[in-house]
Amino acid sequence: MTQDLNPKNEVKTPALCDSCAGIQRNWRGAPGHPELMQGVNRKEPRSHGQVTVTKYRCERCGTAWEYENNKVNLHAGWSVVG
């Protein structure tokens, strides 16, 4: 029996560039990097009130990011989406 080394239905995650790999995730106040281009933002309800979540996309590797600006939650901050 042989295995297919290149399955066609395999989900591929994009490789992060060095700058994106260096972003500290889930930590409020952690910096991004200069190649992140800001997109739209939205308000989301939390138990203490509304927070702003802003979308970003890296121009180098194409990774989609969101930054949650939540001053109450120390573990808000950067997260990869999609």
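# Predicted fold with one helix and an antiparallel sheet

The protein comprises 1 helix and 4 strands. The model is a predicted one. Read from the N terminus, the order of elements is α-β-β-β-β.

## Global quantities

The table collects values for the protein as a whole.

| Quantity | Value |
|---|---|
| Residues counted as buried, of the 82 residues | 27% |
| Contacts joining residues at least 24 apart, among contacts between residues at least 6 apart in sequence | 36% |
| Exposed area | about 6200 Å² |
| Part of the exposed area supplied by carbon and sulfur atoms | 50% |

## The sheet

Strands in a sheet are held in pairs by backbone hydrogen bonds, in either a parallel or an antiparallel sense. In this model, the 4 strands build an open sheet ordered β1-β2-β3-β4, with antiparallel pairing. The edge positions are taken by β1 (36-46) and β4 (78-80); each has a single partner strand, so one side of each lacks a neighbour in the sheet. From one strand to the next, the twist averages 25°.

The antiparallel pairing of β1 with β2 (residues 49-58) extends over 9 bridges. Within β2, Q50 is the bridge partner of P45.

## The nonpolar core

Which residues make up the largest nonpolar core? This core has 10 residues, namely C17, C20, I23, A30, L36, Y56, C58, W65, Y67 and W78. At least two residues of the core come from β2, and at least two from β3 (64-69).

C58 is one of the core residues. With residues up to four places away in sequence set aside, C58 touches C17, C20, H33, E35, L36 and T63. Among these partners, C17, C20 and L36 are themselves listed in the core.

## The segment after β4

V81 is located in the segment that follows β4. Is V81 buried or exposed? V81 has a relative accessible area of 26%. Because buried means under 20% and exposed means over 50%, this value places V81 in the partly exposed class.

Apart from neighbours within four places in sequence, V81 is in contact with A64, W65 and E66. One of these partners, W65, also belongs to the largest nonpolar core. For A64, which lies 17 residues from V81 along the chain, the separation of the two C-alpha atoms is 5.6 Å.

Methods: Residues numbered from 1 in each chain as written. Predicted model: local features only at pLDDT ≥ 70, side-chain atom pairs only at ≥ 80, totals over all residues. Heavy atoms only, no water. Buried < 20%, exposed > 50% of the residue type's maximum accessible area, 1.4 Å probe, protein only. Contact = heavy atoms within 4.5 Å. Areas by Shrake-Rupley, 256 points an atom, 1.4 Å probe, with all protein chains shown as cover. Pairing = 2+ DSSP bridges. Axes fitted to C-alpha atoms, helices over the stretch in contact; angles between N-to-C directions. Core = buried A, V, L, I, M, F, W, Y, C linked by side-chain atoms within 4.5 Å.
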